[in-house]
Amino acid sequence: MNTLIQTADGSNTLYNETIGEHYHSKHGAVQESKHVFIDAGLKYAEEKYPGKALSILEIGFGTGLNFLFTAAYAAEKNLDIDYTGIEAYPLSLEQLGSTGYDQYVSVPVWESLISQYEAALKAPSRLNPLLQLFIPHIQLENFKDTKSYDLIYFDAFSVQHQPEMWSDEIIGHVCSFLKPGGIFVTYAITGKLKRALKSHGLQIQKLPGAPGKREMLRAVKNED
């Protein structure tokens with residue numbers, strides 16, 4: 001059961017009663033998404049790989065907010081994006097539409113997600129000539145892929161509410177899909193997470209966090 005909640009920046013999130021946690025920060029859903037995943041992740045990847053098509057793997061597609069801001073930025077910058085968002089418990093199309101996130105992106109970006117969402121849960125779907133979306137409806141530990149990714153958005157529920165998503169084994173599984181030189185970003189930063197990422201060949205960068213968080217984490221996979 002999910003309940004619509006307004007966060008401190010005026011944007012909505014959903015409260016998952018089963019997990020006992022909000023999908024986004026109560027300090028601001030939009031602020032967190034842009035700060036962590038777009039500013040620290042996508043923009044950094046664009047600077048690192050100028051003119052390159054980018055492959056993105058999101059752990060926890062959820063409400064689609066991170067995807068919407070990615071699609072909006074890609075449209076603005078004419079970026080070629082191949083986006084995969086793993087989601088074990090996908091929202092219904094009605095729940096997705098209830099978020100009010102249409103007010104934060106252009107009509108074409110919003111309508112492309114709404115029109116292709118259910119198709120993307122079944123197979124990779126082309127939203128426009130430069131944007132492909134696939135939302136595998138699967139538990140993370142069962143996800144397999146032959147391709148590797150330039151950028152990972154790790155947006156699972158917190159370790160307090162979903163500790164299994166932050167285990168060393170799961171972090172290693174996620175990192176196995178990252179290309180050499182690839183980027184991993186998440187809103188959280190803990191000693192255990194840093195040690196797990198380092199053990200899988202990633203270099204840690206501590207960055208200022210979104211509102212309500214002192215710090216966040218970005219990590220880059222070694223290229224050798």
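Guide: In this predicted model, a residue counts as buried when its relative accessible area is under 20%.

Visitor: Is Tyr83 buried or exposed?

Guide: The cut-off for buried is under 20% relative accessible area. Tyr83 has a relative accessibility of 0%, so Tyr83 counts as buried.

Visitor: Which residue of helix 2 forms an aromatic pair with Tyr83?

Guide: Tyr83 lies in strand 5, and its ring partner lies in helix 2, so the pair ties together parts that are 16 residues apart in sequence. The two rings are edge-to-face, 4.9 Å centre to centre with 80° between the planes. The partner is buried too, with a relative accessible area of 0%. That residue is Phe67.

Visitor: What is the bridge partner of Tyr83 in strand 7?

Guide: Strand 5 (residues 81–86) pairs with strand 7 in the parallel sense, over 4 bridges. Ile81 has Leu131 as its bridge partner in strand 7. For Tyr83, the bridge partner is Leu133.

Visitor: Which strands are the edge strands of the open sheet?

Guide: The open sheet has 8 strands with mixed pairing, in the order 6-7-5-4-8-9-11-10. An edge strand pairs on one side only. Strand 6 is joined to strand 7 by 3 antiparallel bridges, and the two form a hairpin with 2 residues between them. The edge strands are strand 6 and strand 10.

Visitor: At what angle does helix 4 run to strand 6?

Guide: Helix 4 lies across strand 6 and strand 7. Both strands are among the elements that cover the buried residues of helix 4, as are helix 2 and helix 3. The angle between helix 4 and strand 6 is about 175°.

Visitor: How far apart are the end C-alpha atoms of helix 4?

Guide: Helix 4 has 14 residues (residues 107–120), and at 1.5 Å a residue they should span 20 Å. There is a kink of about 30° in helix 4, centred on Ile114. The end distance nevertheless agrees with the expected span: 19 Å.

Visitor: Which residue of helix 4 forms an aromatic pair with Phe61?

Guide: Phe61 is in the loop between strand 4 and helix 2, 56 residues from its partner in helix 4. The rings are stacked, at 6.4 Å centre to centre and 25° between the planes. Phe61 counts as buried at 2% relative accessibility, and its partner is buried with a relative accessible area of 1%. The partner is Tyr117.

Visitor: Which residues form one aromatic cluster?

Guide: The structure holds 12 aromatic pairs. Phe61 pairs with Tyr117, and Phe67 pairs with Tyr83. These four belong to one cluster, formed by Phe37, Phe61, Phe67, Tyr83, Tyr117 and Tyr153.

How values were computed. Residues numbered from 1 in each chain as written. Predicted model: local features only at pLDDT ≥ 70, side-chain atom pairs only at ≥ 80, totals over all residues. Heavy atoms only, no water. Expected span 1.5 Å × (residues − 1). Bend = angle between axes of the 7 residues up to and from the residue. Contact = heavy atoms within 4.5 Å. Pairing = 2+ DSSP bridges. Axes fitted to C-alpha atoms, helices over the stretch in contact; angles between N-to-C directions. Phe/Tyr/Trp six-rings, centres within 6.5 Å; stacked < 30°, edge-to-face > 60°. Buried < 20%, exposed > 50% of the residue type's maximum accessible area, 1.4 Å probe, protein only.
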